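Please look at the model shown here slowly, one part at a time, and keep the sequence beside you as you read. The paragraphs below go from strands to loops, then to helices, and finally to the contact of the chains.

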Amino acid sequence: MLYQTTEAQERLRAEIRAWAEKEIAPIAFQLDQNNQFPEDQVMDLGKHGWMGIPYEKEHGGAGLDALSYAIAVEELSRVDGGTGVILSAHTSLGSYPIAAYGTEEQKKKYLVPLAKGEKIGAFGLTEENAGSDASGTETTAQDRGDYYLLNGSKIFITNAPRADTYVVFASTAPELGNHGISAFIVERGWEGFTFGDHYDKLGIRSSTTAELQFHNVKVPKENLLGEEGKGFRIAMATLDGGRIGIAAQALGIAQGAFEKALAYAKEREQFGKPIGVNQGISFKLADMATKIRASRYLVYSAAELKSNHEPYGMEAAMAKMYASETAIEVVNDALQVFGGSGYLKGMDVERAYRDAKITTIYEGTNEIQRVVIASNLLGRLGKKDAKGTKKAFSADKLPETGPRRLQVFQGSDPQELVDKLVGALKADGYDFSVGIPADTPISEASRVVSGGLGMGTKENWKLIEDLAHAAGAAVGSSRPAAETMGFVPLDRFVGMSGQKFAGNLYIACGISGAKQHLKGIKNASTIVAINKNPNAPIFKNCDYGIVGDVNVILPLLTEALGPGEKEPQTEFAKIRRANPPKHEPIGPVMVCSGCGYEYVPELGDPEADIEPGTLFKDLPDDWVCPVCSEPKEHFIDRTTKGL
Amino acid sequence: MHCVREVTDDLFWIGANDHKLHLFEAIHPIPQGVSYNSYVLLDESTVLFDTVDWSACRQMMENLEYVLDGRGLDYVVVNHVEPDHCASLEFVLQAYPDCQIVSTEKGFMLMRQFGFAVDSHQQHEVHEGDTFSFGSHTVTFLEAPMVHWPEPMVTLDLTNGALFSADAFGSFIANDGRLWNDDVDYDRDYIDENRRYFTNIVGRYGPHVQLLLGKAATVLDKIKLICPLHGLIWRNDFGYILDKYDHWSTYTPEEQGVQIVYGSMYGNTESAAECLANEICKRGVTNVVMHDVAETHASYLVADTFRLSHLVIACPTYNLNIYPPMHDFLDELRMLNMQNRTVAIVENGSWACESGDLIQRFVEDEMKDMTVLNERLSIASALHEDGRKEFEALADAIVESVGKACTDCASRFA
């Protein structure tokens, strides 16, 4: 058995390597610096037929195997990790689900232009509360007869907003957890489909990554991918293959960094000799090369298994885990070989050092890869125990900011919305005749008015300052508003990584409510959200909200609170949190006629393997009272009314 | 000496009163005593409906012998096996070896568990809706599970309309010669002890009480007398007591009003509670009762919580926990399924004030449909003038909420 690539595969490698050296290498630093997507080059990749390598020719692909595709990702990543992942996310994630689960019509309509590289694909699974654990998916797709109504958002989506075609996972039956997830093909440009935060990433900066937002997006019935409720399986199968792509990316990044270090070790002289003669350097190179070779065999072997339709999930996970950890070690050593020069911007090893890190994180963290590998080795061992400790039924899940009133005002008359809000705040005891200076430190402020990216331009920031004055509040912001837009100094952004607000009133304007921001305001007594996107997470975390344009609402609110002079605030009395509304029960509580035990569906009966969330009517017929063994039919509804 | 009363033709009360027992069920004080009711029907057969506590056995046996007047005892109907009614069964069975026993399946099981020699007697296991004739009197049985035990039934004599209701419609207070509900001013002199009996003994089982009331409603026109195992016999005004039962078993307050329960180690929390009561009454809500949790038996506090719409808990922090007597009281409310009340919290702590948060969490997490008012009075050791705004705000909130309470409660169970 001779482990060797074919001539055709090596020819493909040579072609792509030459192309990458010519087209990408010269601009790689520029792409990295400017966070720039290599639009023309990606189109050119398509022209070469490299955007659909593993797909059938009749569907626009090259009709090659998975290993050829892995080689392509490896070679692009060798020069630029960002360009590598553009191809990987497009091919493995954006196109594969359609190729594997699509109908012939769907393949014709969507796979063909993707495989030809005329369109770019992306994959939307990760959410704020659903990453490694897809069962937390909160994006929903409601069946409305002719179409599905898609609502929710996705984060960290590679190739967004550039991609044209998105495979999006949404829950069609939220009560079923993983079994209620379905996959959909969604096109950019559909009404209600918008893109959120621009991510300012550590590495792979030539690839674009953004948030997807769906507000009442109508998805035609024919765009359901596979069967309803089978989305989780589609996602998992796609990620199995995607791991080969990421493993190949990690391999390429390591290979590129290694080659640079090897060259530098021969060229750089100290003490009159190339530094490579020192064992300190040469041993590093020996280790690097060995680990890269091991990675390569893992990656290629997984790809071969996939091409030959053998089970490859565990092997792909091993390849992804090992190759990415190797990449981290190799880029670290490569930069070390370069010494101070490697630490400078513009050096390829510096970029590789940053690019490599993501490979241990995305498409399943390496911790998750180990879970996958271990579960392949151990089977369902211990699964039953895990059930008992399962987190409380999701109906009880609290917003990130804790229990909130969630009173959101919507309507066509902005003045009316503002009046309702001001009325509610005054009823809660807020006195707007007093105020604090705008530059009061956030952590000491009793009130803060914050602005986010939704404020738009710097000129608009005056609206925030005016509102802060009227509300007697200090001025704050979201992280991107301070960091990316520079609306306020960095010491004034609120969030997990910034300032924490624990005062009374927090008014968030044009802030979508990223988790890290919400963590910074969870001790606020009252949170007010003003945002034009009704699906913004901030509305799930506020006491009061107004859905509306900040340019309209803020001036009205400023006027309503009173723009005049404020008395200085004398005492900072903490206002107690509002009472949140109570959760609606998911089903009846049933009382045992043999002992008075209450069956609560939210709790289930873990001792008898009854999952939290199981309704009484769905209990097995042979289920008996866990306390006195009375049969199911001797239970009565807690709300039994006799008279 | 026998001591019996004729209830109606051929039906006799042969129970006894107990003034010696200090704690009913070894928990609840009964300063006015309690009666154990037992009834005898003289038909073609002779029938005993339940017996009495062991302490009253001798009196009951004397009464029984007197009423039977030389006849044997043919049947004993055991509606409820709890020993304050059934303990004397053992002696009855010995004295009347030919006596047959009528009860439910679980009734027989429990009688065996308690060690009564039922197996040497003929047994009739009856079920919901069965009828049984003793001659001119025919009775029917309704199962009454978990009105607070699993085995009880109630027996309705279809001939004279007497409902032998087991513990349902019973009350504390010894009869002492009185027999009928209208022998006393029930609403003035009896209802508080009746409420204390019901809420503490049966309070937890509201849904099953409702189930029983629903069954009773279908035969209400046939009921002429309600003969409980404790207290007076109801011969009129059924609507009055049914309405009380309906409130208690749906956890609906009878009155809008405020119960203030405080714990106070050195009088400071007590003083705050007094100030708060003063503010509440000043604002026009005068249906206010106040009790020291450490000095008052929980059964009295529980009864008031069932009666009133609002509960103020004023409580010090003790070893970083809820002041233990208060914790006991709250746990009693939890056990009794207390729900649908509005709670205000006054917390005290001299260096680490924890009680308020702990109480709020307990009330919200361990009880159902409770509303904790947002306003909370936090006291550091003692209430001073600078806390006035806070406790006035609390009084305002309570008074405002009392105003809304009645409509809220009504709609919840509409």
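How many bridges join S3(A) to strand S7 (residues 209-220) of chain A, and do these strands run parallel or antiparallel? In this predicted model, nine bridges hold S3(A) and S7(A) together, and the two strands run antiparallel. One place to find this pairing is A:Thr158, which stands opposite A:Thr209 in S7(A). Strands of a sheet pair through backbone hydrogen bonds, and they may do so in a parallel or an antiparallel way.

Strand S3 (residues 147-158) of chain A also pairs with strand S2 (residues 140-143) of chain A, through four bridges, and this pair is antiparallel too. Here A:Ala141 has A:Leu150 in S3(A) as its bridge partner. S2(A) and S3(A) form a hairpin with three residues between the strands, and in this hairpin A:Gly145 takes a positive phi near 90°. As for its surroundings, S3(A) is mostly covered, since nine of its 12 residues are buried.

If you follow the chain onward from S3, you come to the loop between S3 and strand S4 (165-171) of chain A, where A:Pro161 is found. The peptide bond that leads from A:Ala160 to A:Pro161 is cis, with omega near 5°. This deserves a second look, because most peptide bonds are trans and most residues other than glycine have a negative phi.

The second half of that rule can be examined in chain B, where two residues depart from it. B:Asp176 is not a glycine, and yet it has a positive phi of about 50°; its place is the loop between strand S15 (162-164) and helix H5 (186-201) of chain B. Is B:Asp176 buried or exposed? B:Asp176 counts as exposed, because it has 10 C-beta neighbours inside 10 Å, and a residue is called exposed if it has 12 or fewer. B:Asn319, which is not a glycine either, has a positive phi of about 50°, and it lies in the loop between strand S19 (308-318) and strand S20 (321-322) of chain B. With 8 other C-beta atoms within 10 Å, B:Asn319 is exposed.

Chain B as a whole has 12 helices and 22 strands, and of its 414 residues 49% count as buried. Among the contacts in chain B with a separation of 6 or more, 73% are made by residues that are 24 or more positions apart.

Seven of the strands of chain B form an open sheet of mixed pairing, in the order S1-S2-S7-S8-S9-S10-S11. Which strands stand at the edges of this sheet? Strand S1 (5-8) and strand S11 (123-125) of chain B do, and each has a single partner strand, so that one side of each is left without a neighbour in the sheet. On average, neighbouring strands of the sheet are turned by 25° against each other when direction is ignored. At one of the edges, strand S10 (residues 100-103) of chain B is joined to S11(B) by three bridges, and these two strands run parallel; one pair of bridge partners consists of B:Ser103 and B:Glu125 in S11(B).

Let us now turn to the helices of chain A. Helix H1 (residues 7-23) and helix H4 (residues 66-79) of chain A pack with their axes 9 Å apart, at an angle of about 25°, and that makes H1(A) roughly parallel to H4(A). Their crossing is right-handed. Among the residues that make the contact are A:Leu12, A:Ile16 and A:Ala20 of H1(A), and A:Leu67, A:Ile71 and A:Leu76 of H4(A). By class, this contact of H1(A) with H4(A) has eight nonpolar, two polar and four charged residues.

In another pair, the axes of helix H13 (residues 414-427) and helix H17 (residues 550-561) of chain A come within 9 Å and cross at roughly 50°, and the two helices are therefore oblique to each other. H13(A) passes H17(A) in a right-handed crossing. Residues including A:Val418 and A:Val422 in H13(A) meet residues of H17(A), among them A:Ile553 and A:Leu556. The residues of this contact divide into nine nonpolar, one polar and one charged.

Finally, consider where the two chains meet. The contact takes 15 residues from chain A and 18 residues from chain B, and the side of chain A that touches chain B has five nonpolar, six polar and four charged residues.

Notes
Residues numbered from 1 in each chain as written. Chains lettered and ligands numbered in written order. Predicted model: local features only at pLDDT ≥ 70, side-chain atom pairs only at ≥ 80, totals over all residues. Contact = placed C-beta atoms within 7 Å. Nonpolar A, V, L, I, M, F, W, Y, C, P; charged D, E, K, R; others polar. Axes fitted to C-alpha atoms, helices over the stretch in contact; angles between N-to-C directions. Parallel < 35°, antiparallel > 145°, perpendicular 65-115°, else oblique. Left-handed = near helix turned anticlockwise from the far one by under 90°. Pairing = 2+ DSSP bridges. Buried ≥ 20, exposed ≤ 12 C-beta atoms within 10 Å, placed from the backbone.
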